[in-house]
Amino acid sequence: MLDVSQTQSITIAEIYRITFVSGEIYVLSALSGLAALDGVAVTPAVVSRSAIEFDRDAASQSCTITIRGVQDALHDLLTIPDATIKGEVLWRDLSSGTTEVFFTGWGVPRASLGQIMSLKLRPDRRILDVLVPDKLLQRGCNHMFGDSGCGVNLDDYTLEFECDQVSDDGMTVSHADMALQADAFYTWGRLVCGAEQRLVLSHVGNGIRIQYPFANDIKGQTCQLVAGCDRQQATCSDKFNNGDRFCGMPYAPSINPALYGL
């Protein structure tokens with residue numbers, strides 16, 4: 001850590017690290033004598049930044065970095081439409097050689113003018129604070145299976161049985177009553193045994209395959225096997241006779257016509 005008590009006697013230089021979601025990392029600095037940082041070669045560049053903005057709770061809000069003299073390879077990455085970039089402002093103690101991260105944020109390039117690039121960064125907290133709509137414009141239903149919006153009574157689609165057949169790896173559970181329903185009836189459902197439950201990956205005949213084994217041996221326990229719902233309109237109507245409550249947009253195009261045409 002940088003020794004704050006010695007800030008009057010040390011010299012601090014700023015370094016900028018840019019990471020792309022594709023994995024490329026660039027370390028930018030006009031500092032001479034620094035060839036690499038954490039194994040990444042330093043790219044010479046003239047970089048400046050705005051003051052870091054803070055809210056009334058003293059939490060950092062944003063910082064704008066301006067890069068001049070951008071190299072061709074970096075320029076090509078920065079000009080990819082909607083490129084998501086992680087940017088870091090680092091402080092380097094020139095006397096001790098230690099480096100600390102001063103600010104971290106995410107953003108997309110704001111403007112490109114020749115070899116000059118502007119990048120506004122916002123910290124992770126600002127991204128996570130964004131309100132997410134509870135209803136999405138998607139083909140699948142927005143309801144949770146069995147909730148008040150869905151309206152399906154889960155008890156009507158639950159098999160209760162005493163578990164007596166479990167494979168050696170704990171991933172396959174079998175019972176004769178599972179064959180009373182058509183194959184895949186319990187796929188994407190859940191198997192509940194005591195305080196634990198597991199996602200059902202497949203259902204064929206009198207057996208199901210679960211996502212991973214239970215922590216404890218479930219043989220001899222009374223378990224509940226709940227039917228699965230893939231949130232598609234046909235499943236809602238045909239399997240559960242619940243089409244009137246379907247809350248999706250099944251006819252929405254899978255490819256955005258505004259971007260790719262009809």
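Two strands are said to pair if DSSP finds at least two bridges between them. With that term in hand, the tour may begin; the model on display is a predicted one.

**First stop: strands β15 and β18**

Select residues 190–193, which form strand β15, and add strand β18. The two strands pair in the antiparallel sense, and 4 bridges join them. To see one such contact, pick V192: its bridge partner in β18 is Q224.

**Second stop: strand β12**

Keep β18, residues 222–226, on display and select strand β12, residues 158–162. These strands also run antiparallel to each other, with 5 bridges between them. Three positions along β12 can be followed across to β18. E160 stands opposite Q224, the residue that is also the bridge partner of V192. F161 faces C223 across the pair, and E162 lies opposite T222.

Now show the side chains of β12. Which residues belong to its covered face, and which to its uncovered one? L159 and F161 make up the covered face, while T158, E160 and E162 make up the uncovered face. In a regular strand, side chains alternate between the two faces of the sheet.

**Third stop: the whole sheet**

Widen the selection to the sheet that contains these strands. It is an open sheet of 7 strands with antiparallel pairing, and its order is β12-β18-β15-β16-β17-β14-β13. Its edge strands are β12 and β13, the latter covering residues 165–166, and each of them pairs on one side only.

**Fourth stop: strand β16 and a surface patch**

Select strand β16, residues 196–204, and locate L201 within this strand. Is L201 buried or exposed? L201 counts as partly exposed because its relative accessibility is 34%, and the partly exposed class lies between the cut-offs of 20% and 50%. Add W188 and L199 to the selection: together with L201 they make a nonpolar surface patch of about 270 Å².

**Last stop: D93 in strand β8**

Finally, move to strand β8, residues 85–93, and select D93. D93 has a relative accessible area of 7% and is therefore buried, since the class of buried residues takes in values under 20%. Add T11 to the view. How far apart are D93 and T11 in sequence and in space? They are separated by 82 residues in sequence, and the distance from C-alpha to C-alpha is 6.0 Å.

How values were computed: Residues are numbered from 1 along each chain as its sequence is written. This is a predicted model: local features need pLDDT of at least 70, side-chain atom pairs count only at pLDDT 80 or more; totals for chains, interfaces and linings use all residues. Side-chain values use heavy atoms; hydrogens and water are left out. Patches are made of residues with over 30% relative accessible area and no salt bridge: like charges are joined within 9 Å, nonpolar side chains (Val, Leu, Ile, Met, Phe, Trp, Tyr) within 5 Å. Accessible areas come from the Shrake-Rupley method with a 1.4 Å probe; for residues, only the protein chains shown count as cover. A salt bridge is a side-chain nitrogen of Lys or Arg within 4 Å of a carboxyl oxygen of Asp or Glu. Buried means under 20% relative accessible area, exposed over 50%, partly exposed in between (1.4 Å probe, protein chains only).
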